[in-house]
Structures are given as structure tokens and as C-alpha cells.
Amino acid sequence: MRPNETSLNSQPNKAGDDDMGDDHVASSFETPMRADAFDLDDDEKIVRIEGHFREIMNILGLDLTDDSLQGTPRRVAKMYVKEVFAGLNPKNRPHARLFENKYNYDQMLVEKDITFYSHCEHHFVPIYGKAHVAYFSQGKVIGLSKINRIVQYFSKRPQVQERLTVQIGKEIERVLHTQDVGVVIDANHMCVASRGVGDTNSKTGTAYFSGKFKDENIKREFLNYINSK
């Protein structure tokens, strides 16, 4: 296998003996959310997170009167709600405009090397990498930037890579009314690299295939393309 080549073989992340709860045991591709998740508006969430994060910093012994630190609780709160976890809120779901496939394009369409940043739900540290998305049209096509936006939307949540991969695949199926979808994700996990086992070289690969992409020839065509320069 060439360097940086994406494989279908997903290997579990290794962790130290003290890392209880790292197993990926979620039974649904939906992000676990409480029924009252949106009873508070964004402004109130920011105020509450700011207070809690200020207390965390106090417990750690940091001097919040220092001019470099005094604004950190507010910055972190805004970042959580408005940026890195904005994908939790369904109001931020991309609205994809579809177009008629008037040109009768019946081959695979691939959007590869979509950069994404997410956060591991076990330790709240970054996951980052590339997503590759492909589909066959069933009469409709989507603006290419909307594929990127779908990837970003589901990335901006506390995640595990397996769930993220399936969520992207299911959303492409839903939006485009097609069952012929392929998704491959190749990612780095900072919960592996910066803590625990401290492995900075390993990557994790996951895949989602439906419809025509379960055919070995179609799957191979997709993989060959995303692994090409």
C-alpha cells in the first residue's frame, strides 16, 4: 500500500489500560441527544458553559485575573456553541438545492479530499482528516459545495468516526433520493496521538457503501480514484 493510501480496513484505536469507556458501543447512527436539548437558546448556553468552564479553570489553579486567561471561559463557550459543536443544532442543517440531471449523467460522481475537523466524544479532543463522498444520480444532482457542507455539519459534533461516516452516507441518500452512495473517511485522532498510547503515526479508516457501491468493481473504481494523485 502506498503512503497515505486509504484502505477499507478500519483498525480500532489503541488506548491505555486506564481508558475505560473507549469502546464504540453506540447502537444507533443518531447522535445521542436528550429531548430537552434545545430548551435553552444559544445565548443562555454560552452563559452557562462560560460559568462552568471558569470553574474548571479555577479548580486547575489558573489565575483568571491574568489578561491572557480572563477571557478564555467566554471564548471557549462561544466556540463550543457557535463553532465546533454547531452541528448539534438541527437549525444549522444544510438546505441542499437539487437540480434535474438534464444531461443524463449516469456515472459515479466523486467529491474527494474534503477536509473536516471534529471532536472525539470520549475525551473532547480533535479528530481531523479527509472525507471522500460519491453517489450515482437517480434523476437529481446536488451542488458540489453542499456535499462539503453536509460533511462539516455532521463533523461539528462530539463524534466517533464510525457514526460520522454513516451519518454522512445516510444524509446523502436522504437528500438525493438515491441508494447508491459511497463514503470513505481517513482521520487522525488526537485522543490517540496526544494522550493515552501517544501514537502519532496511526490513522483510522471507515467506509459506508450502499446500492451500487456494494459491487466490488464499483467499489474498486471509487477507491482507485480517491487514492490517485
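In the predicted model, the residues lining the largest pocket divide into 13 nonpolar, 3 polar and 6 charged. This pocket encloses about 580 Å³ of space. Its lining comprises 22 residues, and those nearest the pocket centre are Met33, Ala37, Lys45, Ile49 and Leu88. Two elements, helix H1 (42-59) and helix H2 (72-84), each give two or more residues to this lining. Of the elements, H1 makes the greatest contribution, supplying 5 residues.

Enclosed space was examined separately from the open pocket. A search over the whole structure returned 1 cavity of 30 Å³ or more. The largest cavity holds about 30 Å³ of space. Its lining consists of Tyr105, Gln107, Leu109, Tyr135, Phe136, Ser137 and Val141. By class, 5 of these lining residues are nonpolar and 2 are polar, while charged residues are absent. Charged residues do, by contrast, appear in the lining of the largest pocket, where they number 6.

The strand arrangement around S2 was considered next. Strand S2 (residues 109-120) pairs with strand S3 (residues 126-135) in the antiparallel sense, and 9 bridges connect the two. Within this pairing, Ser118 of S2 is placed opposite Ile127 in S3. The two strands form a hairpin in which 5 residues separate S2 from S3. In the turn of this hairpin, Phe124 adopts a positive phi of about 60 degrees. Residues of both strands also occur in the lining of the largest cavity, including Leu109, with which S2 begins, and Tyr135, with which S3 ends.

S2 has a further partner in strand S5 (residues 158-159), to which it is joined by 2 bridges. The strands of this second pair run parallel, whereas S2 and S3 are antiparallel. Cys120, the final residue of S2, stands opposite Gln159 in S5.

A further local feature concerns His189, which lies in strand S6 and closes the span of residues 181-189. His189 is classed as buried because its relative accessibility is 6%, under the 20% limit that defines this class. The side chain of His189 engages the side chain of Gln161 in a polar contact at 2.7 Å. The buried histidine of S6 thus has a polar partner in Gln161.

Notes:
Residues numbered from 1 in each chain as written. Predicted model: local features only at pLDDT ≥ 70, side-chain atom pairs only at ≥ 80, totals over all residues. Heavy atoms only, no water. Helix = DSSP H or I, 4+ residues; strand = E, 2+ residues; numbered from the N terminus. Buried < 20%, exposed > 50% of the residue type's maximum accessible area, 1.4 Å probe, protein only. Polar contact = N/O pair within 3.5 Å; in protein donor to acceptor, adjacent residues only side chain to side chain. 1 Å grid on protein atoms, 1.4 Å probe; cavity = no way out; pocket = protein on both sides within 12 Å on 5 of 7 lines; lining within 4 Å. Points joined across faces, edges and corners; volume = space filled by probe spheres on them. Nonpolar A, V, L, I, M, F, W, Y, C, P; charged D, E, K, R; others polar. Pairing = 2+ DSSP bridges.
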